[in-house]
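Trainee: I would like to go through the labels on this model and see what each one rests on.
Mentor: Then ask about them in turn.

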Amino acid sequence: MKNECSIVRDLLPLYTENMVSTDTKAFVAEHLKNCEACRKEYEQIQEPRPVQKTNEAAPLQNLSRKLKMKRIQTIALTAVFVIALFVSAFAVLGAPIYQPYSEGLVTVEKFGEKGLTLIFDENVTDFRCEVFDVPTEISAACICKIEAWTTLWDKWFSKGRERLSTVIVSTGEPANAYYQPKPMELYYLPNDGGSSICIARYDPNAENQIEIDGKTEGLTALPRLMLGYYLIFASAALVIAVIVWLFTRKEQNVRLWVERVGLYPVAYIVSHCIISGIDWSTYSISRDFSLTIFLSILLYSGLLLAHNIWYLKKEIKTVNR
Ligand SMILES: [Zn+2]
């Protein structure tokens, strides 16, 4: 009987597929009728194999899910790219183009008891004026810092506007026991790396209250060293990314993320070269830095998009193969 069981079990796969002779078929059927162990074995073979089936379908399902995710990513990245494009365009259009100092750029007139009116020439479309009270030991006067600029947007789209003007008032502790206001010194910051220029001095207590200067140099603006440091930092980050990339040849997933992260330093370095290469005739660290950031985000989203599409294409190719 045991011997018969092992023969039947050997035959069962063929029997299930109906690939046996009539005699063998009858023999196996007869044995199955009487032997429960073999019958169980037969039933197991006959059952559909759901486990195996999912095993076959799973990679395909995974892949189609992956492709779907990649498509959504691509759409999202496209949206980010378009937004970054608009923001960058506005940033460039609205970035200050500082005016170099010239006679007549700012006209100073007396205003009331202790104020001054500043009138800018027609090329100035925006300005900043700050009055600082300096401790008396350092300077007997308040300092007024003036910057004036225009933008590409204003150059192109707002012609024939009125001349800008503002009123500044001497602040701080009274200069003497008669509660007369402190004198003021007005400095213009050309934002070109050169020194600020004293435009005028105003002493409300003197006879000749406004003294026009235009020659005396004041504080020197800080050079754009910071931007150089950021560039070095970005280059170092890129070098590290390349090294990690070279050492993770076998780990595709890690490599993918190294590529994604490593693209940002690339975008930053390119943006730095573009922005610092443009001749703004004058410069400002804050303007140049913010423009570099805007442009690098734009480039980065573009690079990510291209990177994603490249991987998508590669994966579609492998699926079709
Ligand atoms: Zn049996």
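Mentor: Start with burial: buried means under 20% relative accessible area, exposed means over 50%, and partly exposed lies in between, with a 1.4 Å probe and protein chains only. The model is predicted, so local features need pLDDT of at least 70 and side-chain atom pairs count only at pLDDT 80 or more, while totals for chains, interfaces and linings use all residues. Residues are numbered from 1 along each chain as its sequence is written, and side-chain values use heavy atoms, with hydrogens and water left out.

Trainee: Why does Tyr 101 count as partly exposed?
Mentor: Its relative accessibility is 23%, and the class in between runs from the 20% limit to the 50% limit. Tyr 188, at 0%, counts as buried.

Trainee: How many aromatic pairs are there in the whole structure?
Mentor: A search finds 10. Rings of Phe, Tyr and Trp (its six-membered ring) pair if their centres lie within 6.5 Å; planes under 30 degrees apart count as stacked, over 60 as edge-to-face and the rest as tilted.

Trainee: What makes the pair of Tyr 101 and Tyr 188 tilted?
Mentor: The centres are 5.8 Å apart and the planes are at 45°, so the pair is tilted. Tyr 101 lies in the loop between β1 (97-98) and β2 (106-111), and Tyr 188 in strand β7 (residues 184-188), so the pair ties together parts 87 residues apart in sequence. Strands here are DSSP runs (E, at least two residues), numbered from the N terminus.

Trainee: Why is the pair of Phe 120 and Phe 127 called stacked?
Mentor: Their planes are at 20° and their centres 4.7 Å apart, so the pair is stacked. Phe 120 is buried at 0%, whereas Phe 127 is partly exposed at 21%.

Trainee: Where else does Phe 120 appear?
Mentor: Phe 120 is among the residues with the most contacts inside the largest nonpolar core, which has 19 residues. Such a core is a set of buried Ala, Val, Leu, Ile, Met, Phe, Trp, Tyr and Cys residues joined through side-chain atoms within 4.5 Å. β5 (142-150) is one of the elements that give two or more residues to this core, and β5 gives the most, with 4 residues.

Trainee: How do you know that the charged end of Arg 255 sits over the ring of Trp 245?
Mentor: The charged end of Arg 255 is 3.8 Å from the ring centre. The rule asks for NZ of Lys or CZ of Arg within 6 Å of the centre and within 35 degrees of the ring normal. Lys 314 sits over the ring of Tyr 311 at 5.1 Å.
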